[in-house]
Amino acid sequence: MFERLTDRLQDAFRDLSGRGRLTETNVGDAMREVRRALLDADVNYQVTKEFIKTVREECLGERVMRNIAPGQMAIKVVNDELTALLGEENAPLELTGTPAVIMLVGLHGSGKTTTAAKLANLLQTKHERRVMLAAGDLYRPAAIDQLEILGKELEIPVYTERDSKDVAKLAVNARNHAQEQGCDTLLIDTAGRLQVDTDLVQELIDVKRRAQPREILLIADAALGQEAVSVAQHFDEALGITGIVLTKLDGDARGGAALSMRKVTGRPIKFVGVGERTVDLEPFYPERMASRILGMGDVVSLVEKASEQFEEEEATRLEEKLRKSTFDFEDFVDQLGKIRKMGGLMSLLDMIPGVSGLKDQIGGDEGQFNHIEGIINSMTPHERQNPNLIDLSRRRRIARGSGSEIVEINQLIKQFQTMRQMMSKMGKMGGMGGMGGMGDLLGGGAGGMGGMGGMGGMAGMGGMPGMGGFGGGSSATKPKRKPRKKPQKPKAKKKKKKKRR
């Protein structure tokens, strides 16, 4: 979402990198570009104005470190101010009470029902809470069905009253039912509207008065831009919201709402939705988001994601296979699945310092991995475990089964073998640290990030069909062979005439 903003900010700081010191002139030029970048990203005008004023004063103030390059100093100041703008630190949920009642509010289509399931799943799996969901959207029948389906999938009880028209009474009954069932957390999904109106606000005020929620979370669509700030102000004035959940942060919207809502409302952003799956909800950390916006990566989040997917014993086993050059296609598909669960390769690149710019060089998308996985799944288990056995006839069969050209099969196997040899050499040189191997292949950006075994195996696969950029050619066609020269017949030696005596 912040890719465009990141590129614009990096361009602004690049002009300062060659300067000897920060002056009124060069800081003014850089701040002009930063202002344009923020306004282009739909950041609120007043927020942008105050932000630029503060950054300018800091860059030209007495606290500027003279021994640091101007470009780096400007980035540090902007990073500190961005972090302050986003909220300084993570704001946890208040989960007191039996049960702790959390009320979700927002406009129609912002993702309240899905977010309710995501938050319930997060509280159940990571905080070991006994959660119950309450279907309080009585105006959209599909909302009740949707919540029941999600609850069944996550094995979380859902309280419903299909014939009821009183949302406040439903909320009270749901709280009593949660107490009887021994649940310590109740999430109430409420109805939305296309815009903030009097009836909607009054209904929510009644629910708040009777259910006494500890948390009132505004579910805001990050794609709303400037309008999201106005919506947040209206809900806060009416209900006194305690936090914000930004949804659809994985989309291609400009993302200015994230930078404006905290400043305008004074309420913290507590969670962000980064995908459509029920596991795609993450706590919001302002300092990490500021670092990612500036293209500086987010190593802490990367390590946390990897530690959830890779066990230490599995990492050791995989590292040994890479060192001995026995890493096979079965292992590769397994690691591919883990990377998908971590958010996909493209989102991981955003978290590696200095590597996010490689996404343009790769020039591909996650769909290309699906094609590669289709080719591998067309192999027999024996072939996946022993890639060296795949001869020409087997390659033809795999190409037919996966709907591919045989040249793609050849290139996949060749690149896989090249990667395996490379990782084996790195392992013998002591460079295998899981992600450390990936860092070396990507130019050293993530070196030293051990403990993420298996991630390194992905790095050398960039040269597969349609996936240029990491370690091989990006072309999916056979290189043209030079035409052979026709052998020339040796010239017959002329016989010398014997002189007559």
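In this predicted model, R209 counts as exposed, with a relative accessibility of 53%. Its salt-bridge partner is D206, and the closest N and O atoms of the two are 3.8 Å apart. D206 is a bit more tucked in: at 25% relative accessibility, D206 counts as partly exposed, since the range for that class starts at 20% and the exposed class begins over 50%. Both residues sit in helix α8 (residues 198-211), and because they are three residues apart there, about one helical turn separates them.

Elsewhere, salt bridges that share partners tie D145, E148 and R162 into one network. One link of this network is the contact between the side chains of R162 and E148, at 2.8 Å from N to O. This pair joins distant parts of the chain: R162 is in the loop between β3 (158-159) and α7 (167-180), while E148 belongs to helix α6 (residues 141-154), with the two positions 14 residues apart. R162 is partly exposed, with a relative accessible area of 44%, and E148 is partly exposed as well, at 30%. Altogether, the structure holds 18 salt bridges.

Another of these bridges brings the account to helix α2. Here R36 pairs with E33, and 3.0 Å separates their closest N and O atoms. The two residues are three apart in α2, so about one helical turn lies between them. Both partners are partly exposed: R36 has a relative accessible area of 46%, and E33 comes in at 28% relative accessibility.

The helix itself, α2 (residues 24-40), has 17 residues. From its first C-alpha to its last it reaches 24 Å, close to the 24 Å expected at 1.5 Å a residue. Not everything along α2 faces the outside, though: N26, V27, G28, A30, M31, V34, A37 and L38 are its buried residues. After the helix comes D42, which has a positive phi, near 70°.

Strand β6 (243-247) gives a rather different view of the fold. Five of the five residues of β6 are buried, so the strand is largely enclosed by the rest of the structure. G243, V245 and T247 point one way from the strand, I244 and L246 point the other way, and all are buried.

What runs alongside β6? One partner is β5, which runs parallel to β6 and is joined to it by five bridges. Within this pairing, I219 stands opposite V245 of β6. Strand β7 (residues 269-273) also pairs with β6 in the parallel sense, this time over three bridges. V245 turns up here too, with F271 as its bridge partner in β7. V245 therefore has a partner in β7, F271, as well as facing I219, and V245 is one of the buried residues that share a direction with G243 and T247.

Next come the empty spaces. Rolling a probe the size of a water molecule over the atoms shows where empty space is left. The structure holds two cavities of 30 Å³ or more. The second largest of them has a volume of about 40 Å³. Its lining is made up of L107, S110, L218, I219, A220, D221, L224, A228 and V231. By type, these residues divide into seven nonpolar, one polar and one charged. Both β5 (215-221) and α9 (226-239) supply at least two residues of this lining, and β5 gives the most, with four. I219 thus has two roles in this description, as a residue of the cavity lining and as the residue opposite V245 in β6.

The second largest pocket contains about 380 Å³ of space. Which residues lie nearest the centre of this pocket? They are S110, G111, K112, T114 and K248, out of a lining of 25 residues. S110 is also among the residues lining the second largest cavity. Three elements, α5 (112-126), β4 (185-190) and β6 (243-247), each supply at least two residues of the pocket lining. The most comes from α5, with five residues. As for its make-up, the pocket lining divides into three nonpolar, 14 polar and eight charged residues, whereas the lining of the second largest cavity has seven nonpolar, one polar and one charged.

Terms used
Residues numbered from 1 in each chain as written. Predicted model: local features only at pLDDT ≥ 70, side-chain atom pairs only at ≥ 80, totals over all residues. Heavy atoms only, no water. 1 Å grid on protein atoms, 1.4 Å probe; cavity = no way out; pocket = protein on both sides within 12 Å on 5 of 7 lines; lining within 4 Å. Points joined across faces, edges and corners; volume = space filled by probe spheres on them. Nonpolar A, V, L, I, M, F, W, Y, C, P; charged D, E, K, R; others polar. Expected span 1.5 Å × (residues − 1). Buried < 20%, exposed > 50% of the residue type's maximum accessible area, 1.4 Å probe, protein only. Salt bridge = Lys/Arg side-chain N within 4 Å of Asp/Glu carboxyl O. Pairing = 2+ DSSP bridges.
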